[in-house]
Amino acid sequence: MSDSPPVPASTVVLVSGGSRGLGLAIVTDLLDAGLTVAAFARTVTPELEKLADAYPDRVHVGAVDVTDLAAAQRFLRAVEARFGPVDGLVNNAAVGQDSMHTHTATADIARIVETNLTAPLQLTRLVARRMLGQGRRGRIVNVTSICAQRGFPGLVAYSATKGGMDAATRSLARELGGRMLVNAVAPGFFASEMSAVLGSTQLDQIVRRTPTGHLTEPAEVVPVVRMLLCAHTNINGQVIVVDGAASI
Amino acid sequence: MNELSRAQIRDLMAQVVRNQGRVLPDDDSTDLREIGFRSLDFSELALRVEDATGEELNFDAPGLRRIATVGDVLDFLAELQRQ
């Protein structure tokens with residue numbers, strides 16, 4: 001293992017939840033960087049369609065629910081048929097939460113766990129099996145959250161899933177023995193969709209406690225994702241927090 | 001479904017407040033901050049209503065944030081039982 005060559009930069013990257021917010025920003029950034037990108041989400045938004053039109057030779061999009069493993073598998077095979085082997089995965093698809101644990105319906109807890117933890121583990125397994133089976137090397141980036149490391153009311157199940165993905169990141173990095181680099185990016189709260197679930201008082205508190213004085217923007221996270229997918233580094237099994245030091 | 005009336009919910013709320021050594025004012029417009037009624041107190045009250053009706057009451061936080069007065073609490077829980 002000590003003789004393993006470096007894991008090359010990803011060239012064909014699969015992004016789950018790539019239709020809006022951070023996922024869309026990641027897709028856009030990777031395309032700007034010259035990579036080939038396959039993105040799916042429950043709904044293909046006009047913004048994602050626009051990217052597919054702008055880069056017809058480098059983008060493959062589809063409407064896939066990340067919890068539908070068979071559909072994800074079909075999507076992956078279609079991507080491989082079109083672009084060749086996938087050597088990068090960004091697990092970004094997730095659902096949020098905004099309810100006290102005691103008053104969150106059991107079905108909602110199950111849905112959050114299935115979408116944010118089970119589905120990315122399954123997708124990772126799927127992609128890793130393809131990479132290993134073809135003797136390839138690749139990179140995986142899990143988008144987690146500061147909630148995995150700090151407590152926030154109303155986000156119990158969500159935090160548990162993100163903590164689970166942080167833990168999986170470390171074990172995958174070990175298990176995949178340097179044939180794949182597996183890391184996580186943990187953004188702080190965005191002043192957008194996910195943060196809409198927090199009250200203004202909570203958001204104000206977070207801003208006040210953030211040395212950089214502002215909530216995290218997707219544009220501040222995408223360079224880190226790109227670096228983990230493309231740069232020659234020895235970063236593996238790490239969770240990189242992007243929150244302006246709000247949590248330290 | 002065994003639905004509680006607004007008055008019955010008020011009685012339960014009074015119990016929750018009384019257990020903390022305070023008194024629930026008669027005026028429904030009383031601000032919850034005046035009586036120190038916080039989100040966990042609301043949760044306790046909702047769970048007491050659940051116990052009485054046998055039906056789970058689940059809700060998101062945004063709805064909770066709109067609650068400012070005693071009357072808001074009673075209206076919210078009365079409405080929640082009907083959903």
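What share of the contacts in chain B with a separation of 6 or more is accounted for by residues 24 or more positions apart? The figure is 70%. I shall begin with that chain, then turn to chain A, and end with the place where the two chains meet. Please keep in mind throughout that this is a predicted model.

Chain B contains 4 helices and 0 strands, so that its pattern along the sequence reads α-α-α-α. Its radius of gyration is 12 Å, close to the 12 Å that the globule rule gives for 83 residues, and chain B is therefore as compact as a globular protein of that length. The C-alpha trace of chain B spans about 30 × 25 × 20 Å along its principal axes. Of the 83 residues in chain B, 20% are buried.

Let us move to chain A. Here we find 7 helices and 7 strands, arranged along the sequence as β-α-β-α-β-α-β-α-β-α-β-α-α-β. For 248 residues the globule rule gives 18 Å; the radius of gyration of chain A is 17 Å, close to that value, so chain A is as compact as a globular protein of its length. The principal axes of its C-alpha trace give spans of about 50 × 40 × 35 Å. Buried residues account for 44% of the 248 in chain A. Among contacts in chain A between residues at least 6 apart in sequence, 72% join residues at least 24 apart.

Two helix pairs in chain A deserve attention. Two packed helices are described by the angle between their axes and the distance between the axes.

The first pair I shall discuss is helix 4, residues 106-133, with helix 5, residues 156-175, both of chain A; their axes come within 9 Å and cross at roughly 15°. An angle under 35 degrees counts as roughly parallel, and helix 4 of chain A is therefore roughly parallel to helix 5 of chain A. The crossing is right-handed. Helix 4 of chain A contributes residues including A:I109, A:V113, A:L117 and A:L121, while helix 5 of chain A contributes, among others, A:Y158, A:M165, A:A168 and A:L172. By class, this contact has 11 nonpolar, 4 polar and 1 charged residues.

The other pair is helix 1, residues 21-32, with helix 7, residues 218-230, again of chain A; these axes come within 9 Å and cross at roughly 50°. Helix 1 and helix 7 of chain A are therefore oblique to each other, and this crossing is right-handed. On the helix 1 side of chain A we have A:G21, A:L22, A:A25, A:I26, A:D29 and A:L30, which meet A:P218, A:A219, A:V221, A:V222, A:V225 and A:R226 of helix 7 of chain A. The residues of this contact divide into 9 nonpolar, 1 polar and 2 charged.

A single residue merits a closer look. A:V127 lies in helix 4 of chain A. Is A:V127 buried or exposed? It counts as buried, because it has 22 C-beta neighbours inside 10 Å, and 20 or more suffice. Leaving aside residues up to four places away in sequence, A:V127 touches A:L14, A:L76, A:V86 and A:L89. A:D204, by contrast, is 77 residues from A:V127 in sequence and 40 Å from it in space, C-alpha to C-alpha.

Finally, the interface. There, 10 residues of chain B are in contact with 9 residues of chain A. Helix 2 (39-53) and helix 3 (61-65) of chain B each supply at least two residues of the side of chain B that touches chain A. That side of chain B has 6 nonpolar, 2 polar and 2 charged residues.

Definitions and conventions. Residues are numbered from 1 along each chain as its sequence is written. Chains are lettered from A and ligands numbered from 1 in the order in which they are written. This is a predicted model: local features need pLDDT of at least 70, side-chain atom pairs count only at pLDDT 80 or more; totals for chains, interfaces and linings use all residues. Two residues are in contact if their C-beta atoms, placed from the backbone, lie within 7 Å. Ala, Val, Leu, Ile, Met, Phe, Trp, Tyr, Cys and Pro count as nonpolar, Asp, Glu, Lys and Arg as charged, and the others, Gly among them, as polar. Axes are lines fitted to C-alpha atoms, for helices over the stretch in contact, and angles run from 0 to 180 degrees between N-to-C directions. Angles under 35 degrees count as roughly parallel, over 145 as roughly antiparallel, 65 to 115 as roughly perpendicular and the rest as oblique. A crossing is left-handed if the near helix is turned anticlockwise from the far one by less than a right angle, and right-handed if clockwise. The radius of gyration is taken over C-alpha atoms; the globule rule is 2.2 Å times the number of residues to the power 0.38. A residue is buried if 20 or more other C-beta atoms lie within 10 Å of its own, exposed if 12 or fewer, and partly exposed in between; C-beta atoms are placed from the backbone.
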